Amino acid sequence: MELRCEKVFPKSEINFHCASCQNTLPLRKNFATSGSRMNNDVIDDVFKILEAQVSSWQEPVVSRISREKNPFKILISTVLSLRTKDKTTGEASNRLFNMASTPGKMLELPLSTIEKAIYPVGFYKSKAINIIRISKIILQEYNGRVPDNMDDLLKLPGVGRKTANLVVILGFKGMGICVDTHVHRITNRWGYVITNTPHETEIRLREILPERYWKQINDFLVSYGQNLCVPISPYCSRCKLRAYCDQIGIKHYR
Ligand code: SF4
């Protein structure tokens, strides 16, 4: 585990000797679990703050679409959302679903029509091809129903762990942790995880995050990452989580 000794924790109970910097530091009770001010002693408080904060912002577009309880729409809008801003995803999803909201109807649309409907989402040409391929597989192999498990979802073209987790969680009320760029970035900034990829973050969160927060974390951190803990120069000075956050990797903030 990487150790960061620049932090001093006045209310700690145990002393810790760091082999890398040779300092003796006060150590909090569950340092061994997370090595961060953000840990499971405070996670309930943190989620309360997140819930209150994000309720004042517009919810992520895929969460809004999920209220229609249509797994196909959740799947396709999540595919569209990859590397695309939420506003663009929402507008593209509306245009596409106004023409087709089932795999069968989608297959009646020419490729060029789908491309035009979803433009300018990122990689719209390859996403249009994948939408047709996904629709065909769902119709032919799953009787027109979106599969409800990770293994089958991950076989669909253009569907990675983020999308599969989100479909399981939002479409079927299953258990999963959807880790996208926001969840990966923010949980690492907190110091709650120390990971290099979203996949590693998902694995680590499955180990340490209490299950009661698995479904919420994506919703909350997508909003937080879009509005406050943004990728470049986050708004730390007005962040209510600052007392819990190690601000790992933050050189400039507003
Ligand atoms: S203090 Fe800064 S880095 Fe930490 S969660 Fe808040 S905005 Fe993000």
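# Helix α8 and its surroundings

Student: Which loop holds Asn143?
Tutor: This is a predicted model: local features need pLDDT (the predictor's confidence in each residue, from 0 to 100) of at least 70, side-chain atom pairs count only at pLDDT 80 or more, and totals for chains, interfaces and linings use all residues. Residues are numbered from 1 along each chain as its sequence is written. Helices (H or I, at least four residues) and strands (E, at least two) are DSSP runs, numbered from the N terminus. Asn143 sits in the loop between α8 and α9 (150-153).

Student: What is phi of Asn143?
Tutor: Most residues other than glycine have a negative phi. Asn143, just after α8, takes a positive one. The value is near 50°.

Student: Is Asn143 buried or exposed?
Tutor: Count the other C-beta atoms, placed from the backbone, within 10 Å of a residue's own: 20 or more means buried, 12 or fewer exposed, and in between partly exposed. Asn143 has 8, so it is exposed.

Student: What does α8 reach from its first C-alpha to its last?
Tutor: Helix α8 covers residues 124-141, 18 residues. The expected span is 1.5 Å times one less than the number of residues, here 26 Å. The model comes close to that, at 25 Å.

Student: Within what arc do the buried residues of α8 fall?
Tutor: Tyr124, Lys127, Ala128, Ile131, Ile134, Ser135 and Ile138 are buried. Seen down the axis, they line one face of the helix, because the arc (of the directions from the helix axis to the C-beta atoms) that holds them is 125°.

Student: Which exposed residues does the face of α8 turned away from its buried side carry?
Tutor: The buried side packs against α4 (71-81), α6 (103-107) and α7 (111-118). The face turned away carries Lys125, Ser126, Gln140 and Glu141.

Student: With which residues is Ser135 in contact, leaving aside its neighbours within four places in sequence?
Tutor: Ser135 lies in α8 and counts as buried because it has 25 C-beta neighbours inside 10 Å. A contact needs C-beta atoms, placed from the backbone, within 7 Å of each other. The partners of Ser135 are Pro103, Met106 and Leu107.

Student: Which residue does a cis peptide bond join to Tyr119?
Tutor: Most peptide bonds are trans. This one has omega of about 10°. The partner is found in the loop between α7 and α8. That partner is Pro120.

Student: How many nonpolar residues does the shell around the ligand have?
Tutor: 14 residues surround the ligand, the closest being Cys229, Pro234, Cys236, Cys239 and Cys245; a residue is near if its C-beta atom, placed from the backbone, lies within 6 Å of the molecule. Ala, Val, Leu, Ile, Met, Phe, Trp, Tyr, Cys and Pro count as nonpolar, Asp, Glu, Lys and Arg as charged, and the others, Gly among them, as polar. By class, one residue of the shell is polar and two are charged; the nonpolar ones number eleven.

Student: Over which residues is the pLDDT below 50?
Tutor: The chain has a mean pLDDT of 87, and 86% of its residues reach 70 or more. One stretch falls below 50, although it has 38 contacts in the model beyond near neighbours in sequence. Where pLDDT is low, the predicted coordinates should not be read in detail. The stretch is residues 1-33.

Methods. Two residues are in contact if their C-beta atoms, placed from the backbone, lie within 7 Å.
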